[in-house]
Amino acid sequence: MTPVAAARAADPERATLDKAAAENFPVAPFFLPRSWRDDLMAVYGFARLVDDIGDGDLAPGGADARLLGVTGDAADDRLVLLDAFEADLRRVFDPAGPEPRHPLLRRLRPTVRRHALTPGPFLGLIAANRQDQVVKRYETYDDLLAYCELSANPVGRLVLAVTGASTPERIRRSDAICTALQLVEHLQDVAEDLGRDRVYLPAADMKRFHVQERDLAAPTAGASVRALVAYQAERARDLLNEGAPLVGSVQGRLRLLLAGFVAGGRAALHAIAAAEYDVLPGPPKPGTVQLLREAGATLRGKG
């Protein structure tokens, strides 16, 4: 075990939170009030850990499983771990019950109480990761949207709740942005997802563009795959445009944060287009200049 791996095994909480620096979008940027940053990091810790359980990306050594009370052969069973994680989440929302087992859920408890958060968004993220264990393909775009309702939209709803900005209209706009960001991530990670035996390109659209799964395993994309990716990218762009008025509905630092999310999605789409929609060699990533340009346009209500 390398020194880095050993450190992660010794401190699974820090190993999870440290992943924030590698995310596509800022999790709790410096310009936010300290209280918001702390609460957003608590929410991030939950979301990152549940994704790591679902993807089999937990820190080596099995510390997370032991913290959740899962031992032996069951420690490698993702569905068992997700069940144990949900049971520990229930402790977060039970003021009269015992403290949660996992330190990331103990960190989450004060955030939940401060903002009167409800279990729904957290349970949605767990449900999405359960679905990932049994559903590997999506027949239609609507099926994929239903998955994004579980896997992505709860995050935006939690950001609005933590910052005290939730309204029905803002939630609707936030859902559009979060679904778009999830679709963009799917496009960036086509090759990686295929390696996990997952395909997030709707089968009906693959058929329409004459794309077969073996085409997604090629080193570079052919014309049909590029056309399919371009089609899905346009859908994500439309959703970002639908959600972008959310940015103008708030003020101050929250406006900067939300503009960063929209700009990150638009910049990623620009990078995909600049790669001529060939996402198979690896995820096209936007540069800092493009990201700043998109952020400025989003803050001005353009884009």
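Visitor: In this predicted model, what residues, by class, make up the lining of the largest cavity?

Guide: Six are nonpolar, one is polar and two are charged.

Visitor: What makes a residue of this lining count as charged or as polar?

Guide: Asp and Arg count as charged, and the lining includes Asp193 and Arg198, so these are the two charged residues. His is named neither as nonpolar nor as charged, so His186 is the polar one. Tyr counts as nonpolar, so Tyr200 falls in that class.

Visitor: Why is this space called a cavity?

Guide: A 1.4 Å probe fits there but cannot get out, which means that the space is a cavity and not an open pocket. Its volume is about 60 Å³. Helix H11 (residues 190-195) gives the most to the lining, with three residues.

Visitor: How many cavities of 30 Å³ or more does a search of the whole structure find?

Guide: Two. The second largest cavity holds about 30 Å³, and helix H10 (residues 168-188) supplies the largest share of its lining, three residues.

Visitor: How is the lining of the second largest cavity divided by class?

Guide: Six residues are nonpolar, two are polar and none is charged. Its lining includes His186 and Gln232; neither His nor Gln is listed as nonpolar or charged, so these are the two polar residues.

Visitor: Which residues of helix H8 (residues 141-151) are buried?

Guide: Tyr141, Leu144, Tyr147, Cys148 and Ser151.

Visitor: How do you know where these buried residues lie on H8?

Guide: Down the helix axis they fall within an arc of 115°, so they line one face. The buried residues pack against helices H7, H9, H10, H12 and H14.

Note on methods. Residues are numbered from 1 along each chain as its sequence is written. This is a predicted model: local features need pLDDT of at least 70, side-chain atom pairs count only at pLDDT 80 or more; totals for chains, interfaces and linings use all residues. Side-chain values use heavy atoms; hydrogens and water are left out. On a 1 Å grid over the protein atoms alone, a cavity is a set of points where a 1.4 Å probe fits but cannot get out, and a pocket is an open set with protein on both sides within 12 Å along at least five of seven lines; lining residues have an atom within 4 Å of a point. Grid points are joined across faces, edges and corners, and a volume is the space filled by probe spheres set on the points. Helices (H or I, at least four residues) and strands (E, at least two) are DSSP runs, numbered from the N terminus. Buried means under 20% relative accessible area, exposed over 50%, partly exposed in between (1.4 Å probe, protein chains only). The arc is that of the directions from the helix axis to the C-beta atoms. Contact means heavy atoms within 4.5 Å.
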